[in-house]
Every structure is written in structure tokens, then in C-alpha cells.
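User: I'd like to learn how to read a few features in this model. Can we go through them one at a time?

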Amino acid sequence: MMMDENLARLRAHHNNISRYRRLLRTKFLPLERQFIERRLSEEEAALQSLSASTFPIAFKEPRLGPPMPVADVRP
């Protein structure tokens, strides 16, 4: 049950972030824009925190380095 609740919360944060980003593409007074940017930042932080606690396993991307040698294959 807890996982379902966390997934619902993650979805809600994601939807709010999308809405705030959409709103920022429109014209606002500076004070209104500041409010929306603050709310966006809060939602992103909440999403990050909830995501980290819901899915504690972190997968690291492989490092980019020199390309692996490729065997010379000839037909």
C-alpha cells in the first residue's frame, strides 16, 4: 500500500512540475513569475526526495572514456 501512495505522490509532483513549466512559458508580472519559480523549485525538490526514498537503489551511468578496442573482423 505504501508503494502505491508514493507512486501517486510522485505522479502528482510530476504533474505539478509540468504545469508550472507550462505556466512559465506565458507572461506574468515579475512577482507572479517569482512565485511560480519558487513553487517549481519546491516541487522538484519534493520529487527528488520522494524518488530517492521510494527507489533507494541508484544506478550510475557508465563513465565515458576511450572507446573499447574492437576486434578486427574480416569476412
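User: Let's start with a side chain. Is Arg38 buried, partly exposed or exposed?

Analyst: First, keep in mind that this is a predicted model. The general idea is to look at relative accessible area: under 20% is buried, over 50% is exposed, and partly exposed is in between. Arg38 has a relative accessible area of 45%, so it is partly exposed.

User: Which residue does Arg38 form a salt bridge with?

Analyst: For a salt bridge, look for a side-chain nitrogen of Lys or Arg within 4 Å of a carboxyl oxygen of Asp or Glu. Here Arg38 pairs with Glu42, with 3.8 Å between the closest N and O atoms. Both sit in helix α2, 4 residues apart, about one turn of the helix. Glu42 is partly exposed too, at 37%.

User: Which residues are linked with that pair in a network of salt bridges?

Analyst: Arg39 and Glu43 join Arg38 and Glu42 in the network. The Arg39 and Glu43 side chains meet at 2.9 Å, N to O. These two are also 4 residues apart in helix α2, so about one helical turn separates them. Their accessibilities are worth a look: Arg39 is partly exposed at 22%, whereas Glu43 is buried at 6%.

User: How many salt bridges does the structure hold, and which one links distant parts of the chain?

Analyst: The structure holds 4. Glu44 and Arg21 form one of them, with their closest N and O atoms 2.8 Å apart. That pair connects distant parts of the chain, since Glu44 is in helix α2 and Arg21 is in helix α1, 23 residues apart. Both ends are partly exposed: Glu44 at 31% and Arg21 at 46%.

User: Now the inside. Which residues make up the largest nonpolar core?

Analyst: The trick is to follow buried nonpolar residues joined through side-chain atoms within 4.5 Å. The largest such core has 5 residues: Ile17, Tyr20, Leu24, Ile36 and Leu40. Helices α1 and α2 (30–54) each supply at least two of them, and α1 gives the largest share, 3 residues. Try Leu40 as a starting point: beyond its neighbours within four places in sequence, Leu40 contacts Ile17, Tyr20, Arg21 and Leu24.

User: And which residues form a nonpolar patch on the surface?

Analyst: Met3, Leu7 and Phe55 do, with about 260 Å² of accessible area together. Leu7 lies in helix α1 (residues 2–24). At 34% relative accessibility, Leu7 counts as partly exposed. A patch residue needs over 30%, so Leu7 at 34% passes that cut-off.

Methods
Residues numbered from 1 in each chain as written. Predicted model: local features only at pLDDT ≥ 70, side-chain atom pairs only at ≥ 80, totals over all residues. Heavy atoms only, no water. Patch = residues over 30% accessible without salt bridge, like charges linked within 9 Å, V, L, I, M, F, W, Y side chains within 5 Å. Areas by Shrake-Rupley, 256 points an atom, 1.4 Å probe, with all protein chains shown as cover. Buried < 20%, exposed > 50% of the residue type's maximum accessible area, 1.4 Å probe, protein only. Contact = heavy atoms within 4.5 Å.
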